[in-house]
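I sat down with this one to look up a few things a bench person might ask about. These are my notes, in the order I went through them.

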Amino acid sequence: MKLKGTTILAVRRDGQCVIAGDGQVTLGEQTIMKANAHKVRRIYNDTVVIGFAGSVADAFALSERLEEKLEEFGGSLLRATVELVQQWRMDKAMRRLEAMLIAADADNLLIVSGTGEIIEPEDGVCAIGSGGTYALAAARALVKNTDLPAREIARKGLEIASEICVFTNDNIILEEV
């Protein structure tokens, strides 16, 4: 059985970018294995924040490879993710990784998809994981209808997702870039 189940939400607004993640790790479809996992973290001298969803081991492998690419390309997040995706598509072992990342620095907000694609959200809001669509809908509504800062939108979006998605809890970790 695979350990999975999470929700990661990112919001960029007024020069502030926040990535939020819940703490739930699920075994299969029925068992909560951990409620306080940290799936949002700072890498590359605290200048890049990532959040990951999918298979835990695969997500760790992917985040380690991203950090290696950041080192190789002097902290350029866009260049590092392009190189990571190229490696992901060509390497047979990496192609089997079942994980996704959201990565942000001062200038970029990117989704690195499980199919080896890089997606930059056009509205400054993106989400991945089992509760991602719920969190995304909530955050977009908050962006369009409130003046809340990015940090509060990310928190409230994840709280709403935790009320709907059984694979998402309200143990929220937030990191800001």
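What follows are my entries on cysteines, salt bridges, a sheet, a helix and two single residues.

**Before starting**

I am working from a predicted model, not an experimental one.

**Cysteines**

I started with the disulfides. How many are there by the rule? The count comes to zero. I then looked up Cys17, which is in no disulfide; its nearest cysteine sulfur belongs to Cys126 and is 7.6 Å away. Cys126 is likewise in no disulfide, and the nearest cysteine sulfur to it is that of Cys17, 7.6 Å away. Since a disulfide here needs the two sulfurs within 2.5 Å, the pair at 7.6 Å does not qualify.

Buried or exposed? I checked Cys17 and found it buried, at a relative accessible area of 1%. Cys126 is buried too, with 2%. Both values fall in the buried class because that class takes anything under 20%.

**Salt bridges**

Next I counted salt bridges and got six. I wrote up three of the pairs.

I took Asp22 and Lys39 to begin with: their side chains meet in a salt bridge at 3.5 Å, N to O. This pair links distant parts of the chain, with Asp22 in the loop between β3 (16-21) and β4 and Lys39 in the loop between β5 (31-34) and β6 (40-43), 17 residues apart. I looked up the accessibility of both partners. Asp22 is at 0% and counts as buried, and Lys39 is at 7% and counts as buried as well.

Then I went to Glu175, which forms a salt bridge with Arg42; the closest N and O atoms are 2.8 Å apart. Where do the two partners sit? Glu175 is in strand β12 (residues 173-176) and Arg42 in strand β6, so the pair links distant parts of the chain, 133 residues apart. Glu175 is partly exposed at 22%, and Arg42 is partly exposed at 31%.

My last pair was Glu72 and Lys69, a salt bridge with its closest N and O atoms 3.6 Å apart. Why can these two reach each other along one helix? They are three residues apart in helix α1 (residues 56-72), so about one helical turn separates them. The background I jotted down: an α-helix has 3.6 residues a turn, so residues three or four places apart point the same way. The two ends of this bridge differ in burial: Glu72 is exposed at 51%, whereas Lys69 counts as buried at 13%.

**The sheet with β6**

Having met β6 through Arg42, I looked at its sheet. Five strands make an open sheet, in the order β6-β7-β8-β9-β10, and the pairing is antiparallel. Which strands are at the edges? They are β6 and β10 (118-119), each pairing on one side only. I followed β6 to strand β7 (residues 48-54): four bridges join the two, and they run antiparallel. Within that pairing, Arg41 stands opposite Ile50 in β7.

**Val177**

I moved on to Val177, which lies in the segment after β12. Val177 is partly exposed, with a relative accessible area of 26%. What is it in contact with, leaving aside neighbours within four places in sequence? I listed Gln16, Cys17, Arg42, Thr47, Val49, Ala104, Asp105 and Ala106. Two of these I had already met: Cys17 from the cysteine check and Arg42 from the salt bridge with Glu175. I also noted the backbone separation: the C-alpha atoms of Val177 and Cys17 are 5.3 Å apart, though their positions lie 160 residues apart along the chain.

**Helix α4**

I then checked helix α4 (residues 132-145). With 14 residues, it reaches 20 Å from first C-alpha to last, close to the 20 Å expected at 1.5 Å a residue. Which of its residues are buried? They are Gly132, Ala135, Leu136, Ala138, Ala139 and Leu142. What do they pack against? I found β2 (7-13), β11 (125-129) and α5 (150-164).

**Thr26**

My final look-up was Thr26, placed in strand β4 (residues 25-27). Thr26 is buried, with a relative accessible area of 2%. Its side chain makes a polar contact with the side chain of Gln24, at 3.3 Å.

How values were computed:
Residues numbered from 1 in each chain as written. Predicted model: local features only at pLDDT ≥ 70, side-chain atom pairs only at ≥ 80, totals over all residues. Heavy atoms only, no water. Buried < 20%, exposed > 50% of the residue type's maximum accessible area, 1.4 Å probe, protein only. Polar contact = N/O pair within 3.5 Å; in protein donor to acceptor, adjacent residues only side chain to side chain. Expected span 1.5 Å × (residues − 1). Contact = heavy atoms within 4.5 Å. Salt bridge = Lys/Arg side-chain N within 4 Å of Asp/Glu carboxyl O. Pairing = 2+ DSSP bridges.
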